[in-house]
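This report looks at salt bridges and at how accessible their partners are. The sequence and structure come first, followed by the findings.

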Amino acid sequence: MDGVSLSSTKTWISRDYSRCSGCRRCEIACSLHHEGVIWPEASRVRVFMLVPGAEVPHLCAQCDDYPCVKSCPFEALSVDDKTGAVIVDREKCTACGICINACPGRIPHLHPRDGYVLICDLCGGDPQCVKVCQEGKWDALRLVREMPQTWQLYTTKLYARTPEDITRDLVKILFGEASEGMI
């Protein structure tokens, strides 16, 4: 990896879109953890419902090549050596949006009040969104921990897609031929 290295276990969140109920507890848990209030707009995970019945939890996929980190001209983004999460330095971030455009899933977004980019930081390795999803028994979000020698065999970039692309595939699975023209 050019400029990005991990020395420990990579932690990431896998998602099963067909299991998401759209309850949005993940957004609430995230905003409570990071902002201290229920504020879904400031959550690092967002649930998109572009087609009724097809909810898509959208959060950082921790691409193996970290295009957002590499694109930042201000070195405001880095990779947590322990988890592999992208870490945002609020003081260095200018909200220029280059990282948003570099992300294949357009996942980063700007804090609604404070003007810096929001990217899932995995809550330091204990993602609150996964906890509430597991507590609710939806299991749409699951924590995966992989050792360095195994995680390089797989790519998490498959999850770094736009909500529109993900929804298109999901409605085909959920509604079959009836999905034509839904999105």
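## Basis of the model

This is a predicted model, in which local features need pLDDT of at least 70 and side-chain atom pairs count only at pLDDT 80 or more, whereas totals for chains, interfaces and linings use all residues. Residues are numbered from 1 along each chain as its sequence is written, and side-chain values use heavy atoms, with hydrogens and water left out.

## Salt bridges in the structure

Searching the whole structure yields eight salt bridges, the term meaning a side-chain nitrogen of Lys or Arg within 4 Å of a carboxyl oxygen of Asp or Glu. Among them is the contact between Arg113 and Asp114, with 2.8 Å from N to O. Accessibility is described here as buried (under 20% relative accessible area), exposed (over 50%) or partly exposed (in between), with a 1.4 Å probe and protein chains only. On that scale Arg113 is exposed, at a relative accessible area of 58%, while Asp114 is partly exposed at 38%.

## A pair with a buried acid

Arg24 and Glu27 also form a salt bridge, and their closest N and O atoms lie 3.6 Å apart. Glu27 is buried, having a relative accessible area of 5%, whereas Arg24 is partly exposed, with a value of 32%.

## A pair with partly exposed partners

In the salt bridge that joins Arg161 to Asp169, the closest N and O atoms are 2.6 Å apart. Arg161 is partly exposed, with a relative accessible area of 27%, and Asp169 is likewise partly exposed, at 34%.
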